[in-house]
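Trainee: Could you walk me through reading this model, one feature at a time? I'd like the general idea and then the case in hand.

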Amino acid sequence: VSFTSSSLPIIVIETGGYDIPYDNPRLVADMGIIDNGPGVRNNLTDPYNNYDGKISIEIRGQSSAGWSKKSYSFETQNPDGTNNNVRLLGFPPENDWILYAPYYDRSFLRNVLTFHLVRQMGWYASRTRYCELVLDGKYEGIYVLMEKIKRDSNRVDIAKLTDRDISGDDVTGGYILKVDKDGWKPGIDSEYPPFPGASQTIRYQYVYPKPDKILPQQEYYIKNYIGAFEFAVNNDNFNDPSTGYPKYLNILSFADNFIINEISRNVDGYRLSSYFYKDKDSKGGKLTAGPVWDYNFSFGNVGYYNSERIEGWQLEYFLNDEGFKNSDGFQVPFWWRKLLYDSAFVQQIID
């Protein structure tokens, strides 16, 4: 492909001939962005006018890391290696970014569309911008610049936890957790199996604070909170407003999470790339579902686990014997079944 110009912004990365690694330590490289504005053609020979500086970069993803078109995580840096918070392509200033390669999703739309819908629903989801990538002089195709999920006033807007936040209201937020692959990563193990006899243990992995940053008092608090929530759900009076799951969950967020997973027929929904966050109690700090992430296998893009069907519910597959028996071992937390037993939660979805 002879690539010289585009109506999309152009990102140029120069590694000096080094391979980009799949994990830390990241490779320090140079990056420039050409963005001449709406309606103006961007030429590869134009000066870098949106960013021109250092980055550290690595290959990202799990199964996607093996695809021929790679996705990347990168940080914008100052020359001395410190964080450089910048406004890339109109996004709020930050230093952690994703260059997402929509390789398996040939429409290039699924993540972008889903994140747009969720923002229209009133929740934060990563902002997105299509761009072209040139890596070491080679045209790599269309990518999507995205915000990495991160605690930040312009991203997941929850309280910052410091080494002083170890008691009282201070220790109650904020936290970001996820249910995902790599269940060996540090986190909180559920005391309840996804279903009777299941081999998998659901683990809520630490995202923020990072596993090597979370203090013992903070870990003790969030473990107890998740434990109390699951204990309440496992009780006969699981839907009691004062003692059941409503005491612990931002119910609207879970209803909307159900809606977006079902309207997109997300085969990975509920069980992979499922994020949750909690702010301080003084800020209404109940466990909230989100931000949404990784919808490249949604909207009928794969043909397994009933995800290609246009009737019924995606969650239903994982909550019946067929799903228990035939799934890949990444199960749905047990409490989703209990939520759907509650007529008030179902009514929230309907409303």
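Trainee: Where is D294 found?

Mentor: D294 is in the loop between β14 and α4. Keep in mind as we go that this is a predicted model.

Trainee: What is the sign of phi at D294?

Mentor: Positive, at about 65 degrees, although D294 is not a glycine. For burial, the middle class runs from 20% to 50% relative accessible area. D294 is partly exposed because its relative accessible area is 26%.

Trainee: Which other residue has a positive phi although it is not a glycine?

Mentor: Take D136, with a phi of about 50 degrees. D136 sits in the loop between β8 (128–135) and β9. At 33% relative accessible area, D136 is partly exposed.

Trainee: Now peptide bonds. Which bond leading into a proline is cis?

Mentor: Look at omega: the bond from N24 to P25 has omega near 0 degrees, so to speak the cis reading. Put plainly, the peptide bond from N24 to P25 is cis. P25 lies in the loop between β2 (10–14) and β3 (27–34).

Trainee: And which cis bond joins two glycines?

Mentor: That is the bond from G173 to G174, again with omega near 0 degrees. G174 belongs to the loop between β9 (138–147) and β10 (175–179).

Trainee: Let's go inside. Which residues touch the most other members of the largest nonpolar core?

Mentor: Y204, I222, F254, W335 and W336 do, in a core of 66 residues. Helix α2 (residues 216–233) contributes the most to this core, with 7 residues. A second core of 26 residues lies apart from it, and includes M31, V86, W97 and L145.

Trainee: What does I222 contact beyond its neighbours within four places in sequence?

Mentor: Its partners are Y175, L177, I188, Y206, I214 and K278.

Trainee: How about T76: buried or exposed?

Mentor: Under 20% relative accessible area counts as buried. T76 is buried because its relative accessibility is 0%. T76 is part of strand β6 (residues 71–77).

Trainee: What surrounds T76?

Mentor: Leaving out residues up to four places away in sequence, T76 touches a list that includes M31, Y51, I55, V86, L88 and W97. Among those contacts, M31, V86 and W97 are also members of the 26-residue core. For a polar contact, follow the side chain of T76 to the backbone oxygen of N84, at 2.6 Å. To see how sequence and space compare, take T76 and G32: they are 44 residues apart along the chain, with 11 Å between their C-alpha atoms.

Trainee: Where is D105, and what does its side chain reach?

Mentor: D105 is in the loop between β7 (96–100) and α1 (110–120). With a relative accessible area of 1%, D105 is buried. A polar atom of the D105 side chain lies 3.3 Å from the backbone nitrogen of L109. Beyond four places in sequence, D105 is in contact with R110, N111, N296 and N301.

Trainee: Last, the surface. Which residues make a nonpolar patch?

Mentor: L109, L113 and F299 make one of about 240 Å². L109 is the residue whose backbone nitrogen we just met beside D105. F299 lies in the loop between β14 (288–289) and α4 (314–318), and at 30% relative accessibility F299 counts as partly exposed.

Technical notes. Residues numbered from 1 in each chain as written. Predicted model: local features only at pLDDT ≥ 70, side-chain atom pairs only at ≥ 80, totals over all residues. Heavy atoms only, no water. Core = buried A, V, L, I, M, F, W, Y, C linked by side-chain atoms within 4.5 Å. Buried < 20%, exposed > 50% of the residue type's maximum accessible area, 1.4 Å probe, protein only. Helix = DSSP H or I, 4+ residues; strand = E, 2+ residues; numbered from the N terminus. Contact = heavy atoms within 4.5 Å. Polar contact = N/O pair within 3.5 Å; in protein donor to acceptor, adjacent residues only side chain to side chain. Patch = residues over 30% accessible without salt bridge, like charges linked within 9 Å, V, L, I, M, F, W, Y side chains within 5 Å. Areas by Shrake-Rupley, 256 points an atom, 1.4 Å probe, with all protein chains shown as cover. Salt bridge = Lys/Arg side-chain N within 4 Å of Asp/Glu carboxyl O.
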